[in-house]
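Colleague: I should like to learn how to read helix packing, internal space and backbone geometry from a set of coordinates. May we work through an example together?

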Amino acid sequence: MVDLKGQYNDIKDTINSSIQDVLENTAYINGPKVHEFQKNLETYLGVKHVIPCANGTDALQIAMMGLGLKPGDEVITANFTFAATVEVIALLNLTPVLVDVNEDDFNINIEAIKNAITPKTKAIVPVHLFGQSANMEAIMDIAKTHNLFVIEDNAQAIGANYTYKNGTKAKAGTIGHVGATSFFPSKNLGCYGDGGAIFTNNDDLAHTIRGIVNHGMYKRYHHDVVGVNSRLDSIQAAVLNTKLPKLDTYNKARQTAAKKYNKAFEGVDKITIPKIANGCKTICDACDCHVFHQYTLRVKGIDRDALVKHLNENEIPCGVYYPIPLHKQKAYVDSRYNDTDFAVTNQLAKEVISLPMHTELDNEQIAYITSTIINYINE
């Protein structure tokens, strides 16, 4: 699904040199590479504060801790996403409120958010799924009306732009009160282990979060807030700092691959190609509105799982993100949920399939993947 070795070979010398620097100066925790990456990412995103941490799940949890959410507070998020988003809500004894998503772009549905708000609602967590931003302008309007926090789950859309109605742009993850991302190796900006970061333009919130990630300490052995141990190590920061200047190029390569997939699947009735949200009618090089962490099709009138089996038999990796909605997961089953409220999520779980998507995809690979799928459908 992701050719990490091919990407590494292209930047091997720079990566190795950067890691060697860490090994020689032995500043493995909170070393110069971490601070350098933090500053560089702040500049790239156009955000005041980046706080690196150990992984994307921690980033979400720490963001909620920093906002001071209390047990019993309700947090609205999408049903169609990876479990980490709802996992941290439950871990903090907050109340997850799952809502349906849009049929076309898979992101959280605005009307569903509005219908889910109660006096106990304190936050919304939009997930920028598969590489493009949710409708942040509408979400921020809702949040302002109801005095809610917005925590952006940006684990899949680093580098994507959101375009407001007036034409101005902002990077996904920097629009809400706080954003969180993951640097898992397969991400568009990935390290060689676990890593994550939190973004905010709020000075006070940033200060609180900087303490939380380091055992609640601002001064050694002085614990001012309840914290956790969640720090990005210097070796991972060195990798990320090498890759960051290439992120836009990496995202362009993903867009190019997506265009080729789209062209190959034109006119195939049983396939629905990814919808570009945010007002774009096509994959837009100018604004990077979709950076294709995943290239996800919907298939209708065929057995999706049989197609997965066929692709595997032909040595084509693929993924199903996500086969079981969160409201049906054993850990998150709740009598509050009515299955009929999740019609889109339930349907997507039966139809979606994600194809290989990475910076090293070439024409021959894409031709083989697409022809194998089309031939299977036409049999």
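**Empty space, helix packing and backbone**

Modeller: By the rule applied here, there are two cavities of 30 Å³ or more. Please keep in mind that this is a predicted model.

Colleague: How does one find such space in general?

Modeller: Rolling a probe the size of a water molecule over the atoms shows where empty space is left. A cavity is a set of points where the probe fits but cannot get out, whereas a pocket is open.

Colleague: How much space lies in the largest cavity, and which residues lie nearest its centre?

Modeller: The largest cavity holds about 70 Å³. Its lining consists of 14 residues, and those nearest the centre are Leu4, Gln7, Pro185, Lys187 and Lys243. Two elements, α1 (4–10) and α10 (247–265), give two or more residues each to this lining. In terms of class, the lining has five nonpolar, five polar and four charged residues.

Colleague: Which residues line the second largest cavity?

Modeller: That cavity has a volume of about 50 Å³. Its lining includes Asp104, Asp105 and Phe106, together with Leu129, Phe130 and Gln132. Also in the lining are Pro274, Lys275, His290, Gln294, Tyr295 and Thr296. Five of the lining residues are nonpolar, four are polar and three are charged.

Colleague: Let us turn to the open spaces. What is the volume of the largest pocket, and which elements supply its lining?

Modeller: The largest pocket encloses about 540 Å³. It is lined by 27 residues, and the closest to its centre are Phe82, Ala155, Gln156, Ser182 and Lys187. At least two lining residues come from each of α4 (56–66), α5 (84–91) and β8 (178–182). The classes are twelve nonpolar, eleven polar and four charged. Lys187 deserves a second look: it is among the residues nearest the centre of the largest cavity, and Lys187 is also among those closest to the centre of the largest pocket.

Colleague: Which residues lie nearest the centre of the second largest pocket?

Modeller: They are Val97, Leu98, Val99, Ala116 and Asp341, out of 14 that line it. Both β3 (95–99) and α6 (110–116) give two or more residues to this lining. The second largest pocket holds about 250 Å³, and its lining has seven nonpolar, three polar and four charged residues.

Colleague: I now wish to read helix packing. At what angle do α2 and α9 pack?

Modeller: One takes the angle between the N-to-C directions of the two axes. Helix α2 (residues 12–25) packs against α9 at about 150°, and their axes are 9 Å apart. Angles over 145 degrees count as roughly antiparallel, and α2 and α9 are therefore roughly antiparallel to each other. The crossing is right-handed. From α2, the contact uses Thr14, Ile15, Ser18, Ile19, Val22 and Leu23, while α9 contributes Ser234, Ile235, Ala238, Val239 and Thr242. Seven of these residues are nonpolar, four are polar and none is charged.

Colleague: How is α3 placed against α9?

Modeller: The axes of α3 (residues 32–45) and α9 (residues 234–243) come within 8 Å and cross at roughly 40°. That angle makes α3 oblique to α9. This crossing is left-handed. In α3, the residues Lys33, Val34, Glu36, Phe37 and Asn40 meet Ser234, Ala237, Ala238, Leu240 and Asn241 of α9. By class, five residues of this contact are nonpolar, three polar and two charged. Ser234 and Ala238 of α9 take part in the contact with α3, and Ser234 and Ala238 also take part in the contact with α2.

Colleague: At what angle do α11 and α13 pack?

Modeller: Helix α11 (residues 304–313) and helix α13 (residues 363–378) pack at about 135°, with axes 11 Å apart. That makes α11 oblique to α13. The crossing of α11 and α13 is right-handed. Ala306, Leu307, His310 and Leu311 of α11 make the contact with Thr372, Ile373 and Tyr376 of α13. Five of these residues are nonpolar and two polar, with no charged residue.

Colleague: Finally, the backbone. Which peptide bond is cis, and what is the phi of Asn93?

Modeller: The peptide bond from Tyr321 to Tyr322 is cis, with omega near 15°. Tyr322 is in the loop between α11 and α12 (343–351). Asn93 has a positive phi of about 60°, although it is not a glycine. Asn93 belongs to the loop between α5 and β3.

Technical notes. Residues are numbered from 1 along each chain as its sequence is written. This is a predicted model: local features need pLDDT of at least 70, side-chain atom pairs count only at pLDDT 80 or more; totals for chains, interfaces and linings use all residues. Side-chain values use heavy atoms; hydrogens and water are left out. Axes are lines fitted to C-alpha atoms, for helices over the stretch in contact, and angles run from 0 to 180 degrees between N-to-C directions. Helices (H or I, at least four residues) and strands (E, at least two) are DSSP runs, numbered from the N terminus. Angles under 35 degrees count as roughly parallel, over 145 as roughly antiparallel, 65 to 115 as roughly perpendicular and the rest as oblique. A crossing is left-handed if the near helix is turned anticlockwise from the far one by less than a right angle, and right-handed if clockwise. Contact means heavy atoms within 4.5 Å. Ala, Val, Leu, Ile, Met, Phe, Trp, Tyr, Cys and Pro count as nonpolar, Asp, Glu, Lys and Arg as charged, and the others, Gly among them, as polar. On a 1 Å grid over the protein atoms alone, a cavity is a set of points where a 1.4 Å probe fits but cannot get out, and a pocket is an open set with protein on both sides within 12 Å along at least five of seven lines; lining residues have an atom within 4 Å of a point. Grid points are joined across faces, edges and corners, and a volume is the space filled by probe spheres set on the points.
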